[in-house]
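I opened this notebook to record what I looked up in one structure, beginning with charged pairs and ending at the surface.

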Amino acid sequence: MQIIKKDNAKYQYLINIPNHKKCFYKEITKRNKKMKKLINQIIKFGIVGGICFFIDYGLMVLFTELFSIHYLISCGVAFSVSVIVNYLLSMKFVFESKNSSKIKEVIFFIILSVVGLILNQIVMWFTVDIINIHYMISKIGATAIVMIYNFVTRRLLLEKGMKKI
C-alpha cells in the first residue's frame, strides 16, 4: 500500500490511483473549491444586500411617510444612499478586487449603480402607477430584480472583467 497524497484538510488518502484518475480528482477538487467560494460569496452578498435593503426601504418609507416626499424621489434618494453603503461593504466583504485602478473600479460601480437605479425606478413606477400596487410592496419586488442585476454585473465586471477593460 503506497500513499500518494494526503489531503490535510480532510485526511483523505489516494492509494495507487492511475494518473488519469488523479487528474480527474484534481479537477473535481478545483471545481468544488470554486463552487464553495461562489456559495460563500452569494451568502455574503445576501447579508450585505439585506443590510442595504433595510437602509433603502427604511429611508424610502421615512422620506415618503414622515416628510411627504413623492415615493419616486424617496426611492431615488434612499437607493443612492444604500448604493454607497453597498459599495463599501461589497468591496470589503464580498468581492475581491482584481483591478489595480480604484478610480476605474469606482467609475464602473457608479455606472452599474445608475443602471440599477433606473431599473429600480422603472419597476417602481410601473408597479405603483400602472398596476396600482402599494409602493411599500412594490419596493420589495424592485429590490429583488435589482439585486439579481447587481450580483451578476458586479461579479462579471468588477471582479472578473476589469482586467480586460
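The entries below follow the order in which I consulted the model, which is a predicted one.

**Entry 1. Salt bridge**

I searched for salt bridges and obtained a count of one. The partners are K139 and D56, whose side chains approach to 2.9 Å, N to O. I then located both residues: K139 belongs to helix α4 (residues 135–161) and D56 to helix α1 (residues 19–66), so the pair ties together parts that are 83 residues apart in sequence.

I also asked whether the two partners are buried or exposed. K139 has a relative accessible area of 0% and is buried. D56, with a relative accessible area of 5%, is buried as well.

**Entry 2. Aromatic pairs**

I listed the aromatic pairs next and noted five. Among the residues concerned, F53, F54 and Y57 are linked into a cluster by ring pairs.

**Entry 3. N150**

I returned to helix α4 to examine N150, which lies in that helix. Its relative accessibility is 8%, and N150 therefore counts as buried, the limit being under 20%. Setting aside residues up to four places away in sequence, I found that N150 touches F45 and R155.

**Entry 4. Nonpolar cores**

I asked which residues form the largest nonpolar core. There are ten: M60, Y71, L72, C75, A78, V123, M124, V128, Y135 and A142. Helices α2 (71–94), α3 (102–130) and α4 each supply at least two residues of this core. The largest share, four residues, comes from α2.

I followed one core member, Y71, through its contacts. With neighbours within four places in sequence left aside, Y71 is in contact with T64, M124, W125, V128, D129 and Y135. I recorded in addition a second, separate core of six residues, which includes F79, V83, Y87 and F109.

**Entry 5. Nonpolar surface patch**

I turned last to the surface and noted a nonpolar patch of about 590 Å². The residues that make the patch are L62, L66, F67, I69, I73, V77 and V81. Helices α1 and α2 are the elements that give two or more residues to the patch; the largest share, three residues, comes from α2.

I checked V77 individually. This residue is found in helix α2 and has a relative accessible area of 40%, which makes V77 partly exposed. Helix α2 thus appears in two of my entries: it gives the largest share of the ten-residue core and the largest share of the nonpolar patch.

Definitions and conventions
Residues numbered from 1 in each chain as written. Predicted model: local features only at pLDDT ≥ 70, side-chain atom pairs only at ≥ 80, totals over all residues. Heavy atoms only, no water. Salt bridge = Lys/Arg side-chain N within 4 Å of Asp/Glu carboxyl O. Buried < 20%, exposed > 50% of the residue type's maximum accessible area, 1.4 Å probe, protein only. Phe/Tyr/Trp six-rings, centres within 6.5 Å; stacked < 30°, edge-to-face > 60°. Contact = heavy atoms within 4.5 Å. Core = buried A, V, L, I, M, F, W, Y, C linked by side-chain atoms within 4.5 Å. Patch = residues over 30% accessible without salt bridge, like charges linked within 9 Å, V, L, I, M, F, W, Y side chains within 5 Å. Areas by Shrake-Rupley, 256 points an atom, 1.4 Å probe, with all protein chains shown as cover.
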